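Colleague: I would like a close look at a single part of this model. Please take one strand and describe its surroundings.

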Amino acid sequence: MTRRSAPLGRLALGALGIAAVIGVWEAYKAVAPDTGVVIGGTTVLPRSSDIAMPHVWDMFSRLSDPVIGTIGDTMWQTVLDAGLFTLRIAAFGWIIGVVVGFALALVMQRFTIAEAAVLPWIVLSQTVPLIAIAPLVRRWGSQITIGGFEWQSEHSVAVIAAYLAFFPVAVGVLRGLKAPDATHVDLMHTYGIGWWRTLFSLRLPASVPFLLPALRLAAASAVIGTVVAEVSIGLRGGVGRLIIEYAQSASSDPAKPWAPIFAAIAVGLVAAAFVGLLGLALKPYRRSEIPA
Amino acid sequence: MKHNMRKWARVAAMVAAASLVLSACGGGSDSDGDSTSGDLKQVKLQLQWVPQAQFAGYYAAVAQGYYKDEGLDVQIVEGGADIVPQDVLSAGDVDYAISWVPKVLGSIEKGAKITDVAQIFERSATTQISFKDKNITSPADLNGKKVGSWGFGNEWELFAGMQKDNVGVKDVKLVQQAFDMNGFLAGDIDAAQAMTYNEYAQVLETKNPKTGKLYTPEDLNVIDWNDVGTAMLQDAIWAQTDKLKDKAYADQTTKFIKASIKGWVYARDNPEEAAKIVTAAGSQLGESHQLWMTNEVNKLIWPSTHGVGVIDEAAWKQTVDIALGTKNETGATIISKAPPASAYSNTYVEAALKELKAEGVDVDGKGYKPIDVTLKEGGK
């Protein structure tokens, strides 16, 4: 394949993937009974009624109808706004997470004792259930006022996104910083080169193949963290809030709850594409990418 | 090496620029809640859920300027899936909260110091609905059936009603119910929990696949806990017990209740406008569903026996008795001993009602007549 056709080919593959999902969905709907497949009182295959599985075209045509009543903003405008709102908070959270994760990795690489002390806590931090900490973060945050700055619920959501996002960065970058061959590090020592210069000349470039998958994971975590936190504390404006508000329409307007789900997927794709662009910028360093 | 360094610096600069752009975007929308205006006292009210007509009176009071008339700048704090209003209130993050009495009784026993200062909803909106062919017209008929329940403190009226008819929690198959009525419509649930103002309407705005038309009230049997006698008190305004000793907060509480009641009077007299106010406040519910909810919530308040907001001693006692004596599927009760006397107070609502009556506001709504609302498919 030539350089120019490669991205086109990938796009075509992606479109094919989406078409396949739609095809499988509709095929199952056409073949399976409305009540699903029940064996011995247990449903082994899901229901395929219009309420449980709306037609794909119904989901899409719902996007062009107004959300409320017969006039006003259409569904796609509403979910697009919500998607942008969520994307912005997720990006915020991602940046905080990447900065914090990077800093932790640097400290852990520099001081072995820090690694021994901090790494277990970093791993432990990811076992705390999000729904438990989200209301707490909001409550603590609401007590913060610094000068003219007043803590808003969306800051809490960004913090929760960052809380999920820093983890893969901290772990991935730490591995990356330790990646250079011992002989290269020894060479630096022999020349009497200090830690900082070793870092910039050797360790950071060597960490790129580990950094990129970590950033990609962090982006996915930030988006998930944002949506879950939005649901949890009911932050207005984002995809998470629409998911809980539209959930109750699942019986009477079954296509409606799918709209914010599409928006969440779109946000995830944009986040992944952004990290992909970063990867292009860092191309010279991507000699051998390590899959996460 | 030098070459690499420069490249690295360029990448770093790119990331820095990107983050600057993103953070600049981030700063743009912190608009809600910083409307500090002159000599108005800032007050925060925590709701149980996102904006919907269940809270129409408070939104109407904001929109009509009733709070401002009392010198209050009220900011309504929306709820979410994991927000517990009484916890937010007892932590001191808001000044007042809306919550159900049985849910708060449990919190009070665990140490929350809050007081029911106005019982806005006089009647319960919780029902258990079933299709006519299941023949479930009383709690006794639930025996052996698949019974839906949301849990999380929404199940006590159901359990009390069953207990009254000697149906144990183990005699039915409890099914966890979701936000939607899909489980009920698909037959996974024989009798589902439904709020008159919400889930009941969700069924009525769904197309019956057999007839191609919307379901109608004639298709359904409804067990109303008000009729069974196991209703518990629902939406009430809660205040911080300790702060009520402070005269400024006590006066503010009376003013807050007064303006809130005015908002509910507005919702009673202008249900269409009230529904529109809630939609303008950001509710995503469909037009006919919103109006239905406004109308049903009005029925829970009006006509009012003692004037809206007054806590009826008998109803309070019934709620407490059920909270003490009803066991759930794990054998637990809501509370193990009677709540302290500070759990409710009519002082502030009575003061508010006195002022309202002096202003000529009809706080009893004796002649109240609900409107007719036609639900459309999907609640649109």
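Modeller: What follows deals with one strand of chain B, after some notes on the model and the chain.

This is a predicted model, in which local features need pLDDT of at least 70 and side-chain atom pairs count only at pLDDT 80 or more, while totals for chains, interfaces and linings use all residues. Residues are numbered from 1 along each chain as its sequence is written, and chains are lettered from A and ligands numbered from 1 in the order in which they are written.

Chain B has 14 helices and 10 strands; helices (H or I, at least four residues) and strands (E, at least two) are DSSP runs, numbered from the N terminus. The C-alpha trace of chain B spans about 85 × 55 × 45 Å along its principal axes. Of the 380 residues in chain B, 49% are buried. A residue is buried if 20 or more other C-beta atoms lie within 10 Å of its own, exposed if 12 or fewer, and partly exposed in between, with C-beta atoms placed from the backbone.

The strand chosen is β8(B), residues 191-195; five of its five residues are buried, so β8(B) is largely enclosed by the rest of the structure. Burial applies to both faces: one side carries Ala191(B), Gln193(B) and Met195(B), and the other carries Ala192(B) and Ala194(B).

Strand β5 of chain B, residues 126-131, runs antiparallel to β8(B) and is joined to it by five bridges; two strands pair if DSSP finds at least two bridges between them. In this pairing, Met195(B) of β8(B) has Thr126(B) opposite.
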